[in-house]
Amino acid sequence: MVPGAKNSVLKLMATTILCDGPFELSNVPDIADVSIMGDLLAAIGVEMSRPAPGELVLFNSGQIIPVAPYELVERIRASINVLGPLLTRCGEVRLSMPGGDDFGARPIDMHIAGLEAMGAEFKFSHGYLEARADRLHGADITFDFPSVGATENLMTAAVLAEGVTMIDNAAREPEIIDLCEFLVAMGAKIDGIGSSTLTIEGVEQHNLRPVAHRTVPDRIQAATYLAACSVAGGELDVIGARADNMTMLLDRFADMGLRLESTDHGIHVAADDRPRSIDVATLPYPGIATDYKPLIITMLSVGDGVGIVTENLYPGRFRYVEELQRLGADVRTSGHHAVIRGVPRLSGAPVKAHDIRAGAAMVVAGLAAEGETRISGIHHIDRGYDDLVGRLRGVGATIDRDTD
Ligand code: EPU
């Protein structure tokens, strides 16, 4: 069973800042990042509780403190998602500047420029970003690049702004659609959902209401199980996966020889042979997500032939390649390209998880490797995957988690 998407639920949680009352979220993954976002929201004035597995209640008391402190912000990138809701609701915000990631710098210039166009004034001092705006107003904003985070921040800010905001070249990931649907249920007025032009007509605070919402399934977790099946062979039912949110990836996986079928419950996959090597380039949705890339490179490592993978989002996101090489993969990188010559089998060795997706790729690589693969740094994996070990064991993998 694939749980809800990390990159949706964290944004839904941040959006509860917009109005008072109890919000109920279901299909919530049991991952470390949800707890961290819960701690950040508690400091802001939204209390989180977990009435049952997979469920969250977020209670916004209305006593909002528009400050996001360093200790909490530096722990997850998604903390930047409190910027739009805090500014639009409180007229001011003080947010510690989010840091980069192991795979490179992650600027927020588009978030700032968009909010400035809506009337906010920004000041940067002592590591904190301070913004003010009595009331944001609508604006026409065209992005140079369809940034996921900037689309989300501007959209949530525009919900309570005066007038109409148009975001052109907006991101349109399934998680953005999930957030739009959540906002519309709350009383927001959004047109163009799922397209690259979003039009948001601001409403008054009293027009918003708390809602119950089921989080969209995690397409990256789903892809992880498909990749695991691809390198290990056999068949798998990935329950809860939504094929319609992964169309281009599934096409490429089919090119690699996987037999895929969309069922009433999810996706059925069968792998008869080594994956066939192909060339892949990452792009914003509906293209192949950068988050799939470590999995694809791992599959190509045991592919039949030579594949080239081009990274168009984070040029530095190749660090795990060194770890794959330790397992015997033949991968060479140059700039934002990787050339992967498939070998029949990897060979188990100690490796490190450098980030969430790289960590999951190491687990998949371990399934493709002869002998034992020992992965350290698994706290990264816990940030985005719930019970990866249990789920893989459940379908026959020999995998354990050290408690120490
Ligand atoms: N960018 C800018 N300026 C901005 C915003 C973005 O230059 O103001 C650049 C970034 O530096 C990067 C590119 O645009 O090169 C993509 O950034 P985007 O804003 O689209 O990504 P994000 O919102 O920071 C989310 C996911 C990432 C995922 C990317 C791309 C969350 C919390 N994170 O990041 O997920 O890789 O979109 O799809 O939603 C992960 O889950 O492991 C992860 C890293």
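Let's start with one pair of residues: Lys-123 stands opposite Glu-130, which belongs to strand S7. This is a predicted model, and that pair leads into a sheet of 4 strands. Further out, the chain splits into domain 1 (6–214) and domain 2 (219–394).

**The sheet**

- S6 and strand S7 (residues 128–132) run antiparallel, and 5 bridges join them.
- Helix H4 (residues 83–90) packs on the sheet, where it touches S4, strand S5 (92–96), S6 and S7. The direction of H4 makes about 155 degrees with that of S5.
- Read across, the strand order is S4-S5-S7-S6; the sheet is open and its pairing is mixed.
- Why do S4 and S6 each have one side without a neighbour in the sheet? Strand S4 (67–68) and strand S6 (121–125) stand at the edges, so each has just a single partner strand.

**How the two domains meet**

- The centres of domain 1 and domain 2, taken over C-alpha atoms, are 30 Å apart.
- On the domain 1 side, 18 residues are in contact with 20 residues of domain 2.
- Between them, the two domains bury about 1,700 Å², with 53% of that on carbon and sulfur atoms.

**Polar links and the helices involved**

- Domain 1 and domain 2 have 5 residue pairs in polar contact between them, counting pairs with both residues at pLDDT 80 or more.
- You'll also find 2 salt bridges between the domains.
- Which helices each supply at least two residues of the side of domain 1 that touches domain 2? They include helix H1 (6–15), helix H2 (32–44) and helix H7 (174–186).
- Elsewhere on the list of side-chain pairs, Asp-33 and Arg-383 meet in a salt bridge, at 2.8 Å from N to O.

Terms used: Residues are numbered from 1 along each chain as its sequence is written. This is a predicted model: local features need pLDDT of at least 70, side-chain atom pairs count only at pLDDT 80 or more; totals for chains, interfaces and linings use all residues. Side-chain values use heavy atoms; hydrogens and water are left out. Two strands pair if DSSP finds at least two bridges between them. Contact means heavy atoms within 4.5 Å. Axes are lines fitted to C-alpha atoms, for helices over the stretch in contact, and angles run from 0 to 180 degrees between N-to-C directions. Domain bounds come from an automatic or database domain assignment. Buried area is the accessible area (1.4 Å probe) that two parts lose on being put together, summed over both. A salt bridge is a side-chain nitrogen of Lys or Arg within 4 Å of a carboxyl oxygen of Asp or Glu. A polar contact is a pair of N or O atoms within 3.5 Å; within protein, one must be able to donate a hydrogen and the other to accept it, and residues adjacent in sequence count only if both atoms are side-chain atoms.
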